[in-house]
Amino acid sequence: MRSPMLKVEGLVKAYGPLRAVDGASFSLDAGTVVALLGPNGAGKTTTFKCILGVTGFEGTIEVDGLSVRERGKEVRRRLGYLPQTPALSDGDTCRQALEFLAELKGADKGRVARLLKLANLWEQRDTKVSRLSGGMRQRLALAAALLADPPVLLLDEPTASLDLESRREFHDLIARLRDEGKTVILSTHFLDRLGDLADRVIVLNQGRVVFDGTMRELAERAPTNRFVVNLNGTAPAAFSEALRAIGIGPERVTPADSHWEDLLLASLPAGEEKEGEPR
Amino acid sequence: MSAITAVMKKEVRDAFSNWWLLLYGGLFTLLALGLSYLGQKNLGSLGFENFSRTTASLLNLCLLLAPLIALSLGAGAIAGERDRGALTYLLSQPLERRELLLGKFAGLFASIGLATTAGFGAAGIVISLSGSAMDAGTYLLFLFLVLALIAVMTGLGLVASVVSATRVQALGLAVLVWFAAVFFFDLVLIGMVSATSLGDGGLLLALLANPVEIVRVLAIIHLEPDLEVLGPFGSYLLDEWGMARATGLLALALVAWTVMPVWLAVRLFERRDS
């Protein structure tokens, strides 16, 4: 039997008394796309940091059979990471930023030009990173993540700062990467197209995995298709579209206190929730 | 090794776009040229003495400016990345924490060293063109000592950077170390020597505890072993140990001061949780 490309077992990450990740376990086969969902503070970014080995943790994480704790550098060669806010050096040009990272990753520098073209940034190759728009920075950071042609991509809310059109382009790119056989773990706040894009959905809440299955299974578990949500800047049309994508037809949308992700948590059986969880 | 080289090259590129380093390089070169020019004008007929005095003035300039810039740039190296949210991203690349730190150290040392060498070079050219006798060996030894002090202070700056939560905190710590090493140390120890009896061992330890003092004494005993210039620690050392043994001891202490802060910074950085 083939071993999974990414295996997380009993992952615990504590900051003092706070358990940011509390015994999370899941695994990903090669070539699958998994969406990691959960409200802010659920432990998504912390889980990524643990997989990358940039922070200490308890439990076991293996990438392509290699232990993150024991062989962190080799593991990171197999990972392409796209953070929520790309931290590329503002003083560098796009080309310099990628060349530096290519050298760090031991990647062929010939890939820099190829990826600048793929990210549609060839014209901006000598433009400083500080002068790029949010979408361009995000594309540059994705190009950086792909430099060493890693088998696993960790994308941490990559479309959070993108408009609808850029988000669609980005999702198309992820679909292409999936077709190329990449394993992708994607944390997001946007449900649109996740039904098509993600093979599986993992929902984290307070550091625990509260759901692991397909998008359809998640939608089927929702007790109702009427929710009161806080749009919080999200366009109603985009939100309606996102709900339709998972088979929920919104009948009424009004301002409220809860984040839209709470609807996912609200759809879970009571036994899988913690006390005090909003429903 | 290639990861260290990559970080080093990036650090050099960043350092030379940092206006603090450019300001330091420009100011240092100007002051070095000014000192050389004044030295020639006032003492033009004295030949080697002339060179010696110019170098002694340069020494004071170096002991003041070089530690300040090395400490402050070192302090910003890791804390600065943390401040702008780039540290996690850097560490998510295939490189070890020690490689990042050693690359930063090498890059900063190369940048500050280059800026300093440019100042020395300019002064050296002025002295040579004026036709004064010039002991190139001593001049190079002096440059080497200043470079060693830059390495020590960059390492101490890195320690401040690693233990601090923010860049401002790290810079504050760096300025405190600079003030203590350059001004406070001498005053306190001279006071202690007058008020109490430190004893031979105490005097020696006091000297070895401050890398700025080590470089100053090492430079002076090779430049102009004048007891008045040497100060209490240098005079004691020369009297008790002799030139060769004193040089060996101080050189060894300087090597330890160069290695220890970098080693400590690596250890502390490896223990920190991002």
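Colleague: Why is the pair B:K104 and B:E11 called a salt bridge?
Modeller: The closest N and O atoms of B:K104 and B:E11 are 3.1 Å apart, and the name applies because a salt bridge is a side-chain nitrogen of Lys or Arg within 4 Å of a carboxyl oxygen of Asp or Glu. The pair links distant parts of chain B, with B:K104 in helix α5 (residues 97-129), B:E11 in helix α1, and their positions 93 residues apart in the sequence. Helices (H or I, at least four residues) and strands (E, at least two) are DSSP runs, numbered from the N terminus.

Colleague: What kind of model is this, and how are its parts named?
Modeller: This is a predicted model, in which local features need a pLDDT (the predictor's confidence in each residue, from 0 to 100) of at least 70, side-chain atom pairs count only at pLDDT 80 or more, and totals for chains, interfaces and linings use all residues. Residues are numbered from 1 along each chain as its sequence is written, chains are lettered from A and ligands numbered from 1 in the order in which they are written, and side-chain values use heavy atoms, with hydrogens and water left out.

Colleague: What makes B:K104 count as buried?
Modeller: Buried means under 20% relative accessible area, exposed means over 50%, and partly exposed lies in between (1.4 Å probe, protein chains only). At 3% relative accessibility, B:K104 therefore counts as buried, and its partner B:E11, with a relative accessible area of 9%, is buried too.

Colleague: Are B:E81 and B:R84, which form another salt bridge, buried or partly exposed?
Modeller: Their closest N and O atoms are 3.3 Å apart, and the two ends fall into separate classes, because B:E81 has a relative accessible area of 10% and is buried, whereas B:R84, with 43%, is partly exposed.

Colleague: What makes A:D212 and A:R200 a link between distant parts of chain A?
Modeller: Their salt bridge, with the closest N and O atoms 3.0 Å apart, joins A:D212 in strand β10 (residues 208-213) to A:R200 in strand β9 (residues 200-205), twelve residues apart. A:D212 is partly exposed because its relative accessible area is 37%, and A:R200, at 21%, counts as partly exposed as well. Over all chains, the whole structure holds 23 salt bridges.

Colleague: Which residues are linked with B:K10 in a network of salt bridges?
Modeller: The network joins B:K10 with A:D92, B:R13 and B:D14. B:K10, placed in helix α1 (residues 2-15) of chain B, touches A:S89, A:D92 and A:F100, not counting residues up to four places away in sequence, where a contact means heavy atoms within 4.5 Å. With a relative accessible area of 8%, B:K10 is therefore buried.

Colleague: How do you know that the length of helix α6 of chain B agrees with its number of residues?
Modeller: The expected span is 1.5 Å times one less than the number of residues, so the 28 residues of α6(B) (residues 136-163) should span 40 Å, and the end C-alpha atoms, 41 Å apart, agree with that. Since 21 of the 28 residues are buried, α6(B) is largely enclosed by the rest of the structure.

Colleague: Why does A:G53 count as partly exposed?
Modeller: A:G53 has 30% relative accessibility, and therefore counts as partly exposed. A:G53 lies in the loop between α1 (44-52) and β4 (58-63) of chain A, where, just after α1(A), A:G53 takes a positive phi of about 75 degrees. Helix α1(A) itself is mostly covered, with seven of its nine residues buried.

Colleague: How many residues of each chain are confidently predicted, taking a pLDDT of 70 as the mark?
Modeller: Chain A averages a pLDDT of 82, with 78% of the residues scoring at least 70, while the mean for chain B is 83, with 82% of its residues reaching 70 or more. In chain A, the pLDDT stays under 50 over residues 252-260, and in chain B it stays under 50 over residues 44-49. For the complex, the predictor gives an ipTM of 0.82 and a pTM of 0.83.
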